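Me: I would like to go through the descriptive terms used for this model and ask what each of them rests on.

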Amino acid sequence: MNEESIIISVAGTGDAANLVVLKQHVWIETYATEGIRNEFSEYLLDTFTLENEIETLKNVRRKTLIASKNNHLIGCAVVASDAECPLQGFNNSAEISVLYVLERFTGIGAGKKLLSHAVRLIKDEGYGIAWLTVYHKNMRAIGFYRHSGFTDAGKTYFSMQGNQYENRIMTYMI
């Protein structure tokens with residue numbers, strides 16, 4: 001498998017079902033490191049729905065990029081220009097709110113290509129800063145973002161059913 005055979009394109013509503021399944025799968029693999037519990041299941045079933053995905057795909061302030069190999073979805077990235085960075089001083093910014101790659105396709109350049117296209121999209125839309133959040137225990141992703149030029153700018157918390165999960169805020173100056 002090589003990076004050249006990975007195609008990046010803008011998702012359409014016809015991609016919605018595949019995106020829902022991909023996001024649920026990658027989310028569980030990333031965050032349910034000790035197994036699945038009700039909190040996770042309820043979040044997934046409420047958040048990653050066909051209706052929510054179609055709404056995101058129709059939102060002009062959000063762009064979903066997909067990575068395909070042999071006409072199969074292997075990853076996605078969502079650029080959200082309607083998101084506000086939780087840190088002060090990052091006004092001219094857009095968020096990379098999702099960057100997911102199926103585990104079996106990590107290490108072949110899909111994440112690198114998605115991230116590069118997402119940053120280019122943010123730059124082309126006139127923003128000077130790309131930012132994202134990453135689970136503080138996801139050292140592989142933190143290393144990937146650092147290697148890609150992102151810096152750790154602080155922390156924020158993801159709340160789910162009263163529990164708080166620390167995330168690192170990483171930024172990239174364009």
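Me: Why are helices H1 and H3 called roughly perpendicular to each other?

Reply: In this predicted model, helix H1 (residues 16–31) and helix H3 (residues 50–58) pack at an angle of about 115 degrees, with their axes 9 Å apart. Angles of 65 to 115 degrees count as roughly perpendicular, and H1 and H3 are therefore described in that way. In the crossing itself, H1 passes H3 in a right-handed manner.

Me: What makes the contact of H1 with H3, and how do its residues divide by class?

Reply: On the side of H1 the contact is made by Ala16, Ala17, Leu19, Val20 and Lys23, and on the side of H3 by Leu50, Glu53, Ile54 and Leu57. These residues divide into seven nonpolar, no polar and two charged; since Lys and Glu count as charged, the charged residues are Lys23 of H1 and Glu53 of H3.

Me: Why are H1 and H2 called roughly antiparallel?

Reply: Helix H1 and helix H2 pack at an angle of about 155 degrees, with their axes 11 Å apart. Angles over 145 degrees count as roughly antiparallel, and the pair H1 and H2 is therefore given that description. The crossing of H1 and H2 is right-handed.

Me: Which residues meet where H1 packs on H2, and what are their classes?

Reply: Gln24, Trp27, Ile28 and Tyr31 in H1 meet Phe40, Tyr43 and Leu44 in H2. By class, this contact has six nonpolar residues, one polar residue and no charged residues; Tyr counts as nonpolar, whereas Gln falls among the polar residues because it is in neither the nonpolar nor the charged list.

Me: Why is glutamine 24 called partly exposed?

Reply: Glutamine 24, whose place is in helix H1, has a relative accessible area of 24%. Buried means under 20% and exposed means over 50%, with partly exposed in between, so glutamine 24 is partly exposed at its 24%. Leaving aside its neighbours within four places in sequence, glutamine 24 is in contact with Leu44 and Phe48.

Me: What makes asparagine 18 partly exposed?

Reply: Asparagine 18 is likewise found in helix H1, and its relative accessibility is 47%. Because the exposed class begins over 50%, asparagine 18 at 47% counts as partly exposed. Asparagine 18 and glutamate 53 are 35 residues apart in sequence, and their C-alpha atoms are 9.9 Å apart in space.

Me: Which residues of H1 are buried, and what covers them?

Reply: The buried residues of H1 are Ala16, Leu19, Val20, Leu22, Lys23, Val26, Trp27, Ile28 and Thr30. What covers them includes helix H2 (38–47), H3, E2, E3, strand E4 (93–101) and E6.

Me: How do you know that the span of H1 is close to the expected one?

Reply: H1 has 16 residues and reaches 22 Å from its first C-alpha to its last, which is set against the 22 Å expected at 1.5 Å a residue. The same kind of comparison applies to helix H4 (residues 110–124), where 15 residues reach 21 Å and the expected value is 21 Å.

Me: Why is arginine 168 called buried?

Reply: Arginine 168, which is found in strand E7, has a relative accessible area of 19%. The cut-off for buried is under 20%, and arginine 168 at 19% is therefore buried. Not counting residues up to four places away in sequence, arginine 168 touches Leu132, Thr133, Val134, His136, Ile142, Asp152, Gly154 and Lys155. Of these, glycine 154 is 14 residues from arginine 168 in sequence and 5.9 Å from it in space, C-alpha to C-alpha.

Me: What makes the phi of asparagine 71 worth a remark, and why is this residue called exposed?

Reply: Most residues other than glycine have a negative phi. Asparagine 71 has a positive phi of about 65 degrees although it is not a glycine, and its place is in the loop between strand E2 (62–69) and strand E3 (72–80). Its relative accessible area is 79%; exposed means over 50%, so asparagine 71 is exposed.

Me: Where is glutamine 161 found, and what is its phi?

Reply: Glutamine 161 is found in the loop between strand E6 (151–160) and strand E7 (163–173), and its phi is near 50 degrees, a positive value in a residue other than glycine.

Technical notes
Residues are numbered from 1 along each chain as its sequence is written. This is a predicted model: local features need pLDDT of at least 70, side-chain atom pairs count only at pLDDT 80 or more; totals for chains, interfaces and linings use all residues. Side-chain values use heavy atoms; hydrogens and water are left out. Helices (H or I, at least four residues) and strands (E, at least two) are DSSP runs, numbered from the N terminus. The expected span of a helix is 1.5 Å times one less than its number of residues. Axes are lines fitted to C-alpha atoms, for helices over the stretch in contact, and angles run from 0 to 180 degrees between N-to-C directions. Angles under 35 degrees count as roughly parallel, over 145 as roughly antiparallel, 65 to 115 as roughly perpendicular and the rest as oblique. A crossing is left-handed if the near helix is turned anticlockwise from the far one by less than a right angle, and right-handed if clockwise. Contact means heavy atoms within 4.5 Å. Buried means under 20% relative accessible area, exposed over 50%, partly exposed in between (1.4 Å probe, protein chains only).
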